[in-house]
Amino acid sequence: MADPNNKLTRALEGFDLLLAAATALVRAKSSRPALLAAYDDASDRLIEGLRGNGVPEQQLQAVHKAISRLRLAFEETNR
C-alpha cells in the first residue's frame, strides 16, 4: 500500500479524480454544479500533491493554468 502522506501519491490520486470528474462533466448535464465542485477539489489535490515534490513553481503555474482553462471550457459547454 502506498504511503498516504506521500505528496506525489496524493498528486496522482488527485489526477485520477480530476480525470473522473472531467469525464463525468462531458457526459452529464443535470449534475454539473456538483461535478464542477469535485473537479475543483481534485485540481487542488493535484496541485498540492505536486508542490513540494521538486516541481518548479513555474511548471505548477502552467499545470494550474491548463486545469483552469479546461474548467472554463466545461462551464461554457453548460450555457
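**Exercise 1. Classify Ser30 and locate it in the chain.**

Ser30 counts as exposed, with a relative accessibility of 76%, where exposed means over 50% relative accessible area, buried under 20% and partly exposed in between, for a 1.4 Å probe and protein chains only. The model is a predicted one, in which local features need pLDDT of at least 70, side-chain atom pairs count only at pLDDT 80 or more, and totals for chains, interfaces and linings use all residues. Residues are numbered from 1 along each chain as its sequence is written, and side-chain values use heavy atoms, with hydrogens and water left out. As for its place, Ser30 sits in the loop between H1 and H2. From the C-alpha of Ser30 to that of Glu48 the distance in space is 29 Å, although 18 residues separate the two in sequence.

**Exercise 2. Describe the overall architecture of the chain.**

Begin with the secondary structure, which consists of three helices and zero strands; helices (H or I, at least four residues) and strands (E, at least two) are DSSP runs, numbered from the N terminus. The order of the elements from the N terminus on is α-α-α. Next, take the dimensions: the C-alpha trace spans about 40 × 30 × 15 Å along its principal axes. Of the 79 residues in the chain, 28% are buried. Finally, consider the contacts with a separation of 6 or more, of which 61% join residues 24 or more positions apart, a contact being heavy atoms within 4.5 Å.

**Exercise 3. Identify the central members of the largest nonpolar core and the helices that supply it.**

A nonpolar core is a set of buried Ala, Val, Leu, Ile, Met, Phe, Trp, Tyr and Cys residues joined through side-chain atoms within 4.5 Å. The largest such core has 16 residues, and those that touch the most other members are Leu18, Leu25, Tyr39, Leu46, Leu50, Ile67 and Phe74. At least two residues of this core come from each of helix H1 (7–27), helix H2 (32–50) and helix H3 (57–77), and H2 gives the largest share, seven residues. As background, nonpolar side chains in soluble globular proteins tend to be buried together.

**Exercise 4. Characterise the aromatic pairing in the structure.**

Searching the whole structure yields one aromatic pair. Tyr39 and Phe74 form this pair, with 5.7 Å centre to centre and 80 degrees between the planes, which makes the arrangement edge-to-face; rings of Phe, Tyr and Trp (its six-membered ring) pair if their centres lie within 6.5 Å, and planes under 30 degrees apart count as stacked, over 60 as edge-to-face and the rest as tilted. Tyr39 belongs to helix H2 and Phe74 to helix H3, 35 residues apart, so that the pair links distant parts of the chain. Both residues, Tyr39 and Phe74, are buried.

**Exercise 5. Compare the surroundings of Leu35 and Leu19.**

Leu35, which lies in helix H2, has a relative accessible area of 16% and is therefore buried. Setting aside residues up to four places away in sequence, Leu35 touches Ala21, Ala24, Leu25 and Ala28. The C-alpha atoms of Leu35 and Leu25 are 6.3 Å apart, with their positions ten residues apart along the chain. Leu25, in turn, contacts Arg32, Leu35, Leu36, Tyr39 and Phe74 once its neighbours within four places in sequence are left aside. Leu19 is placed in helix H1 and counts as partly exposed, because its relative accessibility is 43%. Between the C-alpha atoms of Leu19 and Ser43, which are 24 residues apart along the chain, the separation is 9.8 Å.
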